[in-house]
Amino acid sequence: MGPLDAIWHALNFFAPALGVAVLAASAAKLVWRHELASVHWHRLFLWSAIAGMAVLVAGLVAFGRDGKMITYGGLILATAVALWLVWRAQRWAVAR
């Protein structure tokens with residue numbers, strides 16, 4: 001496998017996490033626009049993507065292969081928790 005193939009494999013491996021992060025960050029900013037007014041979209045996206053990519057890697061390590069439905073369920077859960085933690089951190093910082 002050449003370097004270009006390795007890049008494509010990595011991009012395809014992380015594509016679900018990046019796609020879910022884009023959709024989740026956009027939906028969060030749309031649905032909770034008043035609560036998340038002070039949080040930038042790219043911050044929501046970044047933390048969601050990091051959490052999602054970590055779950056995909058953990059699923060690959062735990063199960064030995066990619067594409068298990070439990071991993072994708074964990075991806076959704078980790079993305080939601082990451083968005084909630086960013087919101088809580090922002091709320092806590094404003095309250096102080």
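This is a short tour of one chain, stop by stop, with something to select at each.

**Stop 1: the whole chain**

Keep in mind from the start that this is a predicted model. Show the chain as a cartoon and you will find three helices and zero strands. Reading from the N terminus, the order of elements is α-α-α. Along the principal axes, the C-alpha atoms fill a box of roughly 50 × 25 × 25 Å.

Now switch on the surface. Its accessible area comes to about 6500 Å², and carbon and sulfur atoms account for 73% of that. How many of the 96 residues count as buried? The share is 24%. One more overall figure concerns contacts between residues at least 6 apart in sequence: 62% of these join residues at least 24 apart.

**Stop 2: helix H2**

Select residues 41-63, which form helix H2. This helix has 23 residues, and its end C-alpha atoms are 33 Å apart, in agreement with the 33 Å that 1.5 Å a residue should give. Just after H2 comes Gly 64, with a positive phi near 80°.

Next, colour the buried residues of H2: Leu 44, Ser 48, Ala 49, Ala 51, Gly 52, Leu 56 and Gly 59. What covers them? The cover includes H1 and H3, and the next stops take these two neighbours in turn.

**Stop 3: where H1 meets H2**

Add helix H1, residues 3-31, to your selection. Two packed helices are described by the angle between their axes and the distance between the axes. For H1 and H2, the angle is about 145° and the axes are 8 Å apart. The crossing is right-handed.

To see the contact itself, show side chains. On the H1 side, pick Phe 13, Phe 14, Ala 17, Leu 18, Ala 21, Val 22, Ala 25, Ser 26 and Lys 29. Their partners in H2 include Trp 41, Leu 44, Phe 45, Ser 48 and Ala 49, and further along Gly 52, Met 53, Leu 56, Val 57 and Leu 60. Sorted by class, this contact has 15 nonpolar, three polar and one charged residues.

While H1 is on screen, click Ala 27, which lies in this helix. Ala 27 is partly exposed, with a relative accessible area of 36%. Try a distance from Ala 27 to Met 1: the two are 26 residues apart in sequence and 38 Å apart in space, C-alpha to C-alpha.

**Stop 4: where H2 meets H3**

Hide H1 for a moment and bring in helix H3, residues 69-95. The axes of H2 and H3 come within 8 Å and cross at roughly 145°. This crossing, too, is right-handed.

Among the H2 residues in this contact are Arg 43, Leu 44, Trp 47, Ser 48, Ala 51 and Gly 52. From H3, the residues they and their neighbours meet include Tyr 72, Leu 75, Ala 78, Ala 82, Val 86 and Gln 90. In all, the contact divides into 14 nonpolar, seven polar and one charged residues.

**Stop 5: Ser 48**

Zoom in on Ser 48, in helix H2. Is Ser 48 buried or exposed? Its relative accessible area is 0%, so Ser 48 counts as buried. Leaving aside neighbours within four places in sequence, its contacts are Ala 21, Thr 79, Ala 82 and Leu 83. Ala 21 belongs to H1, whereas Thr 79, Ala 82 and Leu 83 belong to H3.

**Stop 6: along H3**

Select H3 on its own. Its 27 residues reach 39 Å from first C-alpha to last, close to the 39 Å expected at 1.5 Å a residue. Colour its buried residues: Thr 71, Leu 75, Ala 78, Thr 79, Ala 82, Leu 83, Val 86 and Gln 90. Their cover includes H1 and H2.

Two residues here deserve a click. Gln 90 has a relative accessible area of 15% and is therefore buried. Beyond its neighbours within four places in sequence, Gln 90 is in contact with Ser 38, Val 39 and Arg 43.

The other is Trp 84, also in H3. With a relative accessible area of 47%, Trp 84 is partly exposed. For a last distance, go from Trp 84 to Ala 21: 63 residues apart in sequence, they are 13 Å apart in space, C-alpha to C-alpha.

Notes: Residues are numbered from 1 along each chain as its sequence is written. This is a predicted model: local features need pLDDT of at least 70, side-chain atom pairs count only at pLDDT 80 or more; totals for chains, interfaces and linings use all residues. Side-chain values use heavy atoms; hydrogens and water are left out. Axes are lines fitted to C-alpha atoms, for helices over the stretch in contact, and angles run from 0 to 180 degrees between N-to-C directions. Helices (H or I, at least four residues) and strands (E, at least two) are DSSP runs, numbered from the N terminus. A crossing is left-handed if the near helix is turned anticlockwise from the far one by less than a right angle, and right-handed if clockwise. Contact means heavy atoms within 4.5 Å. Ala, Val, Leu, Ile, Met, Phe, Trp, Tyr, Cys and Pro count as nonpolar, Asp, Glu, Lys and Arg as charged, and the others, Gly among them, as polar. Buried means under 20% relative accessible area, exposed over 50%, partly exposed in between (1.4 Å probe, protein chains only). Accessible areas come from the Shrake-Rupley method with a 1.4 Å probe; for residues, only the protein chains shown count as cover. The expected span of a helix is 1.5 Å times one less than its number of residues.
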